[in-house]
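Trainee: I'm new to reading protein models, so could we walk through this one together? Please take me through it one question at a time.

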Amino acid sequence: MKVVLFCGGYGMRMRNGDASDVPKPMAMVGPRPLIWHVMRYYAHFGHTEFVLCLGYGAHHIKEFFLNYQETVSNDFVLRGGKAELLSTDIADWSISFVQTGLESAIGERLRRVRPHLDGDEMFLANYADVLTDAPLPEMIERFKNSDAGASMMVVPPQSSFHCVEMNEDGRIGALTPVSEMPLWENGGYFVLRQEVFDHIPEGGDLVADGCGELAKRGKLLAYPYRGFWKPTDTVKERVQLDDAYAHGDRPWARWEREPAPVATA
């Protein structure tokens, strides 16, 4: 299945006062940028056809892949001054780089890459900056066996704050961590059918318009997941991931500890 990645936003919360035009998916986690980790996750499950929805700072993403060095993350033998790779990352990947506008909403970006999906009935989509160890084949199979037009991973709220229950005179009766509330939030990792395009107007949004309309029709499927899921909306979150990587704590890197399963068609 093809994988559409939205990587054209400004990522303002990641900037920390930095005026650089490097897009958020290019923020580094270990020796590779976020977008590589997301793509490597999909490739582990056999999904190696990528469509990148570019926008802000697109040249950084293009240059990274045009100048890609396999030796950074693969073992090799140096013989006669030439590197002989013992394994590869992206040799079997197909990557379409599509400029989808600087200010485009996610839904509009998806609309603009529709021709690159070759009419495939089902495809995958993601934000290119969220990492997880979720069982992708299970997610896809659950969707395939439904009549839904879209599926999204949903996760418990990530806030560390507490919800407060209080009476009329302002006395607090209970404190409950937000993460323990019976609530779920959009975690990305979409599985979509072409039907979703019927509900995204020009300039529209994937979630508010496409998924919103499908939800009204009872055709939006959730994949609840309580395992590892980590967004990188802020500098703090990116630093936490980078530190975890440095200490060998990288649950999203399933390719490092298990054989690649057979891809779900």
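Mentor: Sure, and let's begin with a term: buried means under 20% relative accessible area, exposed means over 50%, and partly exposed is in between. Keep in mind too that this is a predicted model.

Trainee: Okay, which class does Glu256 fall into: buried, partly exposed or exposed?

Mentor: The relative accessibility of Glu256 is 45%. Partly exposed covers the range between under 20% and over 50%. So Glu256 counts as partly exposed.

Trainee: And which residue does the side chain of Glu256 meet in a salt bridge?

Mentor: A salt bridge takes a side-chain nitrogen of Lys or Arg within 4 Å of a carboxyl oxygen of Asp or Glu. Glu256 can bring the oxygen, and the N to O distance here is 2.9 Å. The partner is Arg250.

Trainee: How many salt bridges does the structure hold?

Mentor: Some of them share partners: one network joins Lys2, Glu49, Asp118 and Asp120. For the structure, the count is 17.

Trainee: Let's look at Asp89. How many residues apart are Arg32 and Asp89, which meet in a salt bridge?

Mentor: Their side chains meet at 3.5 Å, N to O. Arg32 is in strand β3, while Asp89 sits in the loop between β6 and β7. That pair links distant parts of the chain, and the separation is 57 residues.

Trainee: Are Arg32 and Asp89 buried or exposed?

Mentor: Arg32 has 3% relative accessibility, and Asp89 has a relative accessible area of 6%. The cut-off for buried is under 20%. So Arg32 counts as buried, and Asp89 is also buried.

Trainee: Which helix holds Arg40, another residue that forms a salt bridge with Asp89?

Mentor: The closest N and O atoms of Arg40 and Asp89 are 4.0 Å apart, and Arg40 is buried, like Asp89. This pair also links distant parts of the chain, with their positions 49 residues apart. Arg40 is in helix α1.

Trainee: How many of the residues of α1 are buried?

Mentor: The buried ones include Leu34, Trp36, Met39 and Tyr42. The helix is largely enclosed by the rest of the structure because the buried count is 11 of the 11 residues.

Trainee: Which residue with a positive phi follows α1?

Mentor: Look just past the helix, where phi is near 90 degrees. The residue there is Gly46.

Trainee: What about residues other than glycine: where is Ala128 found, with its positive phi?

Mentor: The phi of Ala128 is about 70 degrees, although Ala128 is not a glycine. Its relative accessible area is 0%, so Ala128 is buried. Ala128 is found in the loop between β8 and β9.

Trainee: In which strand is Tyr189 found, which also has a positive phi?

Mentor: Phi of Tyr189 is near 50 degrees. Tyr189 is buried, because its relative accessible area is 1%. The strand is β13.

Trainee: How far apart in space are Asp205 and Ala128, C-alpha to C-alpha?

Mentor: Asp205 lies in the loop between β13 and α5. With a relative accessible area of 24%, Asp205 is partly exposed. Along the sequence the two residues are 77 residues apart, and in space the separation is 17 Å.

Trainee: Over to the surface: what area does the nonpolar patch cover?

Mentor: The patch is made by Val164, Met166, Ile172 and Leu175. Strands β11 and β12 each supply at least two of its residues. Val164, in strand β11, counts as partly exposed at 46% relative accessibility. The area is about 430 Å².

Trainee: Last one: which elements give two or more residues to the lining of the second largest pocket?

Mentor: The space in this pocket is about 270 Å³. Its lining residues include Phe161, Trp229, Pro231, Lys236 and Gln240. The elements that give two or more residues are β15 and α6.

Trainee: And how does that lining divide by residue type?

Mentor: Pro counts as nonpolar and Lys as charged, and the lining has Pro231 and Lys230 among its residues. The division is three nonpolar, five polar and three charged.

Terms used
Residues are numbered from 1 along each chain as its sequence is written. This is a predicted model: local features need pLDDT of at least 70, side-chain atom pairs count only at pLDDT 80 or more; totals for chains, interfaces and linings use all residues. Side-chain values use heavy atoms; hydrogens and water are left out. Patches are made of residues with over 30% relative accessible area and no salt bridge: like charges are joined within 9 Å, nonpolar side chains (Val, Leu, Ile, Met, Phe, Trp, Tyr) within 5 Å. Accessible areas come from the Shrake-Rupley method with a 1.4 Å probe; for residues, only the protein chains shown count as cover. Helices (H or I, at least four residues) and strands (E, at least two) are DSSP runs, numbered from the N terminus. Buried means under 20% relative accessible area, exposed over 50%, partly exposed in between (1.4 Å probe, protein chains only). On a 1 Å grid over the protein atoms alone, a cavity is a set of points where a 1.4 Å probe fits but cannot get out, and a pocket is an open set with protein on both sides within 12 Å along at least five of seven lines; lining residues have an atom within 4 Å of a point. Grid points are joined across faces, edges and corners, and a volume is the space filled by probe spheres set on the points.
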